[in-house]
Amino acid sequence: MPNEIEIKFQIENLPALNRVLQQSGFKQITRSTHETNTLYDLRGQKLRKLGEMLRLRKYGETWTLTHKAKGKEGRHKKRVELETRVDNGEQMDAILRGLGFEPTFRYEKYRAEWSDGEGHVVLDETPIGNFGEIEGKPRWIDRTARVLGVGRGNYITQTYAPMFFEWKRRTGSKATEMTFRAIGAKSKSV
């Protein structure tokens with residue numbers, strides 16, 4: 001089973017981080033691309049209660065269905081991740097609803113992907129701020145974080161849904177989803 005091992009971190013200066021990535025030998029794999037995500041769950045939020053996630057994502061024109069198992073929290077977030085491309089996202093949504101799954105949370109971002117051949121760094125512009133994600137083997141994650149100026153105390157192991165609800169509590173926002181329209185944020189490309 002493929003394991004996802006990652007951390008997130010808040011980005012203070014996006015142009016500077018892009019320069020550091022280039023100077024450190026990373027190559028940009030994808031330019032900043034609009035991405036929408038819908039999380040699904042069964043009545044009573046059975047998946048969430050188990051610590052699992054089912055997501056339908058549209059990245060540019062590509063649809064992907066992903067299941068993430070309950071993770072192990074530590075310095076890095078670790079969990080089994082299974083995903084497959086989907087030809088027709090609207091049909092997949094109808095299938096999920098037909099099976100009793102309901103959309104429970106929507107979020108969007110602009111994502112740019114970078115790699116050095118060993119792991120990935122993604123830069124996300126979200127309605128609640130800019131965040132990076134470092135995904136790879138644990139030692140590579142820590143080494144890359146140091147290169148990017150991210151201290152271990154700044155590692156974030158939460159997913160975007162709890163990050164959004166934490167942001168919502170802090171700001172008093174009435175938004176119910178993490179979309180640019182719902183939050184009233186202007187979207188820019190990363």
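**Aromatic rings in this model**

Okay, let's start with a lysine: Lys-8 lies over the face of Tyr-160, and the distance to the ring centre is 4.8 Å. Keep in mind that this is a predicted model.

Now, Tyr-160 has company. It belongs to one aromatic cluster together with Phe-105, Tyr-107, Phe-131, Phe-164, Phe-165 and Trp-167.

How do we talk about two rings next to each other? A pair of aromatic rings is described by how far apart the centres are and by the angle of the planes.

So how many aromatic pairs turn up in the whole structure? The search finds nine. One of them is Phe-105 with Phe-164, a tilted pair with 5.4 Å from centre to centre and 45° between the planes. What I like here is where the two partners sit. Phe-105 is in strand E6, residues 102-115, while Phe-164 is in helix H5, residues 160-171. They're 59 residues apart, so this pair links distant parts of the chain.

And are these two rings buried or exposed? Phe-105 has a relative accessible area of 5%, and because buried means under 20%, Phe-105 is buried. Phe-164 is at 0%, so Phe-164 counts as buried too.

Let's look at another pair, Tyr-110 and Phe-180. Why is this pair called tilted? Well, the planes of Tyr-110 and Phe-180 are at 50°, and tilted pairs are the ones that are neither under 30 degrees nor over 60. The ring centres are 5.8 Å apart.

Tyr-110 is in strand E6 and Phe-180 is in helix H6, residues 180-183, so the pair ties together parts 70 residues apart in sequence. Both Tyr-110 and Phe-180 are buried.

Methods: Residues numbered from 1 in each chain as written. Predicted model: local features only at pLDDT ≥ 70, side-chain atom pairs only at ≥ 80, totals over all residues. Heavy atoms only, no water. Phe/Tyr/Trp six-rings, centres within 6.5 Å; stacked < 30°, edge-to-face > 60°. Helix = DSSP H or I, 4+ residues; strand = E, 2+ residues; numbered from the N terminus. Buried < 20%, exposed > 50% of the residue type's maximum accessible area, 1.4 Å probe, protein only. Lys NZ or Arg CZ within 6 Å of the ring centre and 35° of its normal.
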